[in-house]
Amino acid sequence: MAILLGCDSVSLDFPTKRVFNDVTLGVAAGDRIGIVGRNGDGKSTLLQLLAGELEPDRGRVTHRRDLAVGLLGQKDALLDDDTVHRAVVGDVPEYEWASSPRVRQVLDGLIADVPWEGLVGELSGGQRRRVDLARLLIGTYDVLMLDEPTNHLDMRTINWLARHLRSRWQEGAGALLLVTHDRWFLDEVALSMWEVHDGRVDPFEGGYSAYILQRVERDRLAAVAEERRRNMARKELAWLSRGAQARSTKPKFRVEAARELIADVPPLRNELELKRLAVARLGKQVIDLIDVTAGYPDRPADDGAAQAEPGVPRPVVKDVTWLIGAGDRLGLLGENGAGKSTLIDVVSGRLAPLSGRVKIGQTVRFGVLSQQLDELKPVWDDTIREVLSRYKRTYIVDGKETSPEKLLERLGFTTKQLWSRVGDLSGGQRRRLSLLLTILDEPNVLILDEPGNDLDTDMLAIVEDLLDGWPGTLILVTHDRYLMERVTDNQYAIIGGHLRHVPGGVDEYLRLVEAEHADRRGADAAPRTADPAAAATPASEGAAGAPRLSNAERQRLKREVASLERRCDTQRTRLEELENAMSEVDPTDYLALGEQQRKIAEARAALDELETAWLEASETLEG
C-alpha cells in the first residue's frame, strides 16, 4: 500500500495541556479510518495537523507530492452573501459540473431540496451543513478528512452519506479519516480505528464493533486500573453481540469471541422488572393520542405555497393515533421538519391539537430534555453545586442509594468542576448536566430530543447505561441510529405528516422514506439541469450492498429464534422432570419403566428437533 501522508514523532502543546506526545502514524491508499476519543483529547486537532492547517511543535508531517486533501471542519467557511450555487460549484461553468454523474449524484443526494439560487445566510443549520458537505464531496480529493460530518443531518441523509463514502473510491484507492460520535456510521464506513487519548494515538483493526472488542481484550490483558471504563466497554459489547448490530456487516468482528468475553455480563435491561416498576409509578393510563391533527398558524404549506392564510393553522401531523403505555421505550424517527417536535409538544401537553383527543394519565410527570437546553437558562449564572443543592440529597438508582454529586461524577464530571458556572460549561457538559437534572426531577415519562449531541462515544455509552435502569416510559428523538437501536425497543416514524409503526426499525424507515423521495423526484422536474440523468436515485447505490435478508424476513427470523429459545427451555425443563421421575418408578414394574423411558426418548427427540430448528434460524439470521 502506498503511504499518502503521515506524521513522524509529532508533539504538540497547548497552553494548558500537552495534546500529542511523540506520535508516529501513517495513512495509506485504501485506508478508511474512524477516529474516536473523549471530547478535548485532540481528535479535531489531529485532522488539522494531518491536513497541514496546524504546525507541530516537534516532529514533522509528510504528504505525498501533489496530494489533494479535502477537510470538512465542524464549522464551515461559507459566505452568507453567496448563493448556494456559488458556494457549491464556484465559477465552474454549468456544462462542466452538470455533465458529471458523480457531481449530480452528490447534489441530488444532499441538497435537492435546497434553493439553488438562495442565499447561504438564509439557510437552516442542517441545510448549511449539507451545502458544505456537497461543496467538499464534488471535489476530486485523494484524501478526505471529515470532522463530525453527521452533525445536523437527518437519518436518511446519514444513510446516503455512508453509501457514498463506501463507494466513492475503488478498493485500495483514496483514503478517508472520519471523526464522529455516530457509532452506526463508524461501523458502516470505517475499516480501521484510531483511539486518541492521553497524548497518544492507538490503532485498531476493523470498524467500531471490532474496536470495542479489541479494547476490552486490551484492558483485560493489561489489568488496567480503569475498571469502570472497561465495564462500560463490555456492556457496550454485549449490545453489539446480542442486539441489532450483531450482523455480518463486519467479518472482522468475531462474534463468538465476543460472546466468551461477555458470558458474565447481565442483560442490558430487565424489561419485565422495568415494566413492573413503571406500571407501579404510572398506573395503566399513560398517554393516548386519538385521531390527532396538529400544527401551527402561518406555517408554509406542504404543497409549496408560500404561506397559509394568516391565522389559519396549517396541519403538520395528521390523523395520529398513538397509545403510549407504562414502561414503553419508543423511538421517534423522521426527517428534519417532518413534525417530530410538533408531535412531542402534543404528547407532553404543551401544544393543543387542532382536532382529535389527547388523554394524559393523572399520575404522569413529564421530564423533557430539549435540543436547545432551554431548561438550563434559569440557572445559567449558578454553579453546579448551587444547582444540585436544590435537589434531594439521596436517590435510589439501580437499587442503590446515591447522591446527585455521585450521579454527576458517573456522567464524567470531577469534584473540581462542581464549582463551575453552568454558563461556562462546554456544550457536551451542559447536555449531560441537563439530562441529570431532568432525571433528578423524578419524572415517570422521559422525553429526550437529541440527547447525544456534543457527546463522545464513551460518554454516550455512559448515558445509555444510565437510561438502561430507568423505570418509566421513554420517548427518544435522535438521528443517531446506534443510540436509537440501543436504547429503544420500538420505533415509530413520521412520513408525509402521518405516524406509522415501523416494526422493522431503522432499516424499514429508510426504505419507506427513500420510496417517498423517489416518488417526489418522479413528480418534480430536476432542480439543477434538464438532463434526466440528474435525478439518479441514490437508493440504487445501496442495492449491491443490501443485506441478503429483507428487513421483514430479519424481523420474522428474530421472532422465530426468540420463540424457539423459549420452547427449548420449556422442553429441557420437561425432559429434566421426566428423568427425575424415573427414579420414582418401581424398578420391578417393567411396563411402567418402559413407558417412562418412551416418554423420555420422545422428549429428547423433540428437544433435538427444536435445537436444530433454532440453530438453522440463528445461522440464517447471522449469516
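Three short exercises on a predicted model follow, each with a worked solution.

Local features need pLDDT of at least 70, side-chain atom pairs count only at pLDDT 80 or more, and totals for chains, interfaces and linings use all residues. Residues are numbered from 1 along each chain as its sequence is written, and side-chain values use heavy atoms, without hydrogens and water.

**Exercise 1.** Find which strands pair with β8, and in which sense.

*Solution.*
- Strands are DSSP runs (E, at least two residues), numbered from the N terminus. Two strands pair if DSSP finds at least two bridges between them.
- Take β3 (residues 32-37). It pairs with β8 in the parallel sense over 5 bridges. Here G37 has V196 of β8 as bridge partner.
- Take β9 (residues 200-205). It pairs with β8 in the antiparallel sense over 6 bridges. H197 is bridged to R200 in β9.
- Check the turn. β8 and β9 form a hairpin with 2 residues between them. D198 in this turn has a positive phi of about 50 degrees.

**Exercise 2.** Decide whether β8 is enclosed or not.

*Solution.*
- Buried means under 20% relative accessible area, exposed over 50%, partly exposed in between (1.4 Å probe, protein chains only).
- One side of β8 carries S192, W194 and V196, all buried. The other side carries M193, E195 and H197, also buried.
- Conclude: 6 of the 6 residues of β8 (residues 192-197) are buried, so the strand is largely enclosed by the rest of the structure.

**Exercise 3.** Place the open sheet's edge strands.

*Solution.*
- Read the order: β14-β17-β18-β12-β19-β20, with mixed pairing.
- The edges are β14 (366-369) and β20 (498-501), since each pairs on one side only.

Conventions. Helix = DSSP H or I, 4+ residues; strand = E, 2+ residues; numbered from the N terminus.
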